[in-house]
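This note sets out points for a colleague who is reviewing the model. Please read each point with the coordinates open.

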Amino acid sequence: MIDIDFCLSSYMAYRYTYKDGVDYVEGMRHKNFPTIPDEKKVAVKTAKEIDEKIQRDFDRLNGECKKMGILLSGGMDSAVLASYMKPGSIAYTFVSKETEIFDADIARSKEYAEKYGLHQVLVDITFDDYKAFTPIVMKAKCGPVHSIEPQIYKAAKQAQADGVEMMIIGDGADYVFGGMDKLLGKDWKFDEFVQRYISLDPELVLAHPVDVYEPFEKYRIGKDGIDFLGFMDDLCTNESYSSYYNAFNAAGLPYFDPYENLVMAEPKDLQRIRNGESKYLVRDLYRMKYPERKVPAKIPMPRPVDIIFKNWEGPRRKEFRHDIPMSQLTGNQKWQLWCAELFLSMFVDKR
């Protein structure tokens with residue numbers, strides 16, 4: 001089924017097309033992450049159990065792969081995984097000469113790499129990279145993409161050139177262990193959670209927006225409540241996992257996220273998370289691996305979109321409104337508009 005208005009509205013709200021079987025154009029079927037059922041995951045209660053499971057994973061991988069790499073940021077998730085890598089493995093850290101947003105990542109990741117004998121490679125991200133690699137990952141996904149995908153693709157191609165056979169990532173920790181602290185920070189009313197979660201209101205930017213709020217309704221409780229934990233375990237994880245899946249798939253490089261194969265054996269302790277202990281089990285594991293350091297503050301993987309799209313005036317195609325308040329949008333929201341317009345011009349107009 002072809003429905004451009006639905007696909008654009010879904011992408012603006014969720015950063016991907018959440019519904020299977022609905023696409024932008026004939027001959028391009030979008031691809032989402034094939035999720036792992038909970039019954040196939042390993043349930044863990046403590047940092048020690050996480051450590052033992054991840055170590056078993058790495059024992060297997062080290063027997064299968066001659067050379068592995070890791071996406072290493074300044075955060076605790078990838079820092080923990082760095083401790084299992086063989087000395088001499090390559091750690092890839094993003095950098096941009098156009099902004100300082102990566103500086104904290106670079107400083108901390110360098111210390112992690114030195115501690116475990118990893119060779120660090122800095123991957124510079126520029127607007128030219130976005131222009132070069134975005135069409136590739138969009139073609140693979142059959143739709144516009146998350147802003148993280150072009151830079152992951154670039155790192156994956158660099159790793160391939162370096163002889164890496166398997167890349168290690170730590171994206172799943174946020175979703176498995178309660179890292180989305182802002183979304184977990186309160187018990188939400190239905191309407192306020194919808195408003196908080198959506199990335200960009202389709203009615204604000206699209207000429208023909210459609211209702212794409214069905215995924216929220218699935219988790220409505222009574223008149224005003226919502227099972228936000230269930231929603232996040234479903235749509236939120238699918239959106240994020242699909243971004244990494246697509247970027248690595250487009251590059252042709254296998255990857256592995258040890259956290260994705262885990263599930264908490266006990267319900268998340270929301271009180272601990274709301275008191276500043278997001279991912280408290282991973283925090284305990286970080287302390288085991290880095291007893292000499294304080295647990296770093298939680299920071300999302302940076303993308304230099306704020307500076308790159310600072311002066312961009314907005315889309316001009318008929319699918320978009322011409323009164324979009326561009327000065328009120330974040331860099332990531334501007335990215336979505338730029339990416340969607342590019343996809344329509346490159347892949348829809350030519351069909």
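The numbered points below cover confidence, the sheet, a pocket and a few individual residues.

1. Model and confidence. The structure is a predicted model. Mean pLDDT for the protein is 92, and 97% of its residues reach 70 or more. Among the elements, strand 5 (residues 166-168) has the highest confidence, with a mean of 98, whereas helix 14 (residues 305-308) has the lowest, at 84.

2. Sheet topology. The open sheet consists of five strands in the order 4-3-2-5-8, and their pairing is parallel. Strand 4 and strand 8 (255-256) are the edge strands, each of them pairing on one side only. As general background, strands of a sheet pair through backbone hydrogen bonds, in either a parallel or an antiparallel sense.

3. Strand 2 and its neighbours. On one side, strand 2 is joined to strand 5 by three bridges, and the two run parallel; M68 is placed opposite M166 of strand 5. Three bridges also connect strand 2 with strand 3 (residues 90-95), again in the parallel sense. Two residue pairs illustrate this contact: G69 has I90 as its bridge partner in strand 3, and I70 has A91.

4. Burial of strand 2. Which residues of strand 2 are buried on each side? M68 and I70 are buried on one side, and G69 and L71 are buried on the other, so both faces of strand 2 (residues 68-71) are covered. In general, side chains in a regular strand alternate between the two faces of the sheet.

5. Burial of strand 3. Why can strand 3 be described as largely enclosed by the rest of the structure? Six of its six residues are buried, and buried here means under 20% relative accessible area. I90, Y92 and F94 point one way from strand 3, while A91, T93 and V95 point the other way, and all are buried.

6. Outer pairings. Six bridges link strand 3 to strand 4 (residues 119-124) in the parallel sense, and F94 stands opposite V123 of strand 4. Towards the other edge, strand 5 and strand 8 run parallel and are joined by two bridges. Within that pairing, I168 has F256 of strand 8 as its bridge partner.

7. Crossover. A right-handed β-α-β unit is made by strand 2, helix 3 (residues 76-82) and strand 3. The two strands of this unit are paired directly, through three bridges.

8. Second largest pocket. The space in the second largest pocket amounts to about 410 Å³. Its lining comprises 19 residues, of which D38, K41, D233, T237 and V263 are the closest to the centre. Which elements each supply at least two residues of this lining? They are helix 7 (173-177), helix 11 (228-251) and strand 9 (262-264). Helix 11 gives the most, namely five residues. By class, the lining of the pocket holds nine nonpolar, three polar and seven charged residues.

9. Positive phi at R15. As general background, most residues other than glycine have a negative phi. R15 is not a glycine, yet has a positive phi of about 75°. R15 belongs to the loop between helix 1 (4-14) and strand 1 (42-44). Is R15 buried, partly exposed or exposed? With a relative accessibility of 26%, R15 counts as partly exposed.

10. Positive phi at C142. A positive phi, of about 65°, is also found at C142, which is not a glycine. The residue sits in the loop between helix 5 (127-141) and helix 6 (148-161). C142 has a relative accessible area of 5% and is therefore buried. A reviewer may wish to view the two sites together: R15 is partly exposed, whereas C142 is buried.

11. I152 in helix 6. I152 is a residue of helix 6. Its relative accessibility is 0%, so I152 counts as buried. Along the chain, I152 and A113 are 39 residues apart, and their C-alpha atoms are separated by 19 Å.

Note on methods: Residues are numbered from 1 along each chain as its sequence is written. This is a predicted model: local features need pLDDT of at least 70, side-chain atom pairs count only at pLDDT 80 or more; totals for chains, interfaces and linings use all residues. Side-chain values use heavy atoms; hydrogens and water are left out. On a 1 Å grid over the protein atoms alone, a cavity is a set of points where a 1.4 Å probe fits but cannot get out, and a pocket is an open set with protein on both sides within 12 Å along at least five of seven lines; lining residues have an atom within 4 Å of a point. Grid points are joined across faces, edges and corners, and a volume is the space filled by probe spheres set on the points. Helices (H or I, at least four residues) and strands (E, at least two) are DSSP runs, numbered from the N terminus. Ala, Val, Leu, Ile, Met, Phe, Trp, Tyr, Cys and Pro count as nonpolar, Asp, Glu, Lys and Arg as charged, and the others, Gly among them, as polar. pLDDT is the predictor's confidence in each residue, from 0 to 100. Buried means under 20% relative accessible area, exposed over 50%, partly exposed in between (1.4 Å probe, protein chains only). Two strands pair if DSSP finds at least two bridges between them. A crossover is right-handed if, with the strands pointing away from the viewer, the path from the first strand over the helix to the second runs clockwise.
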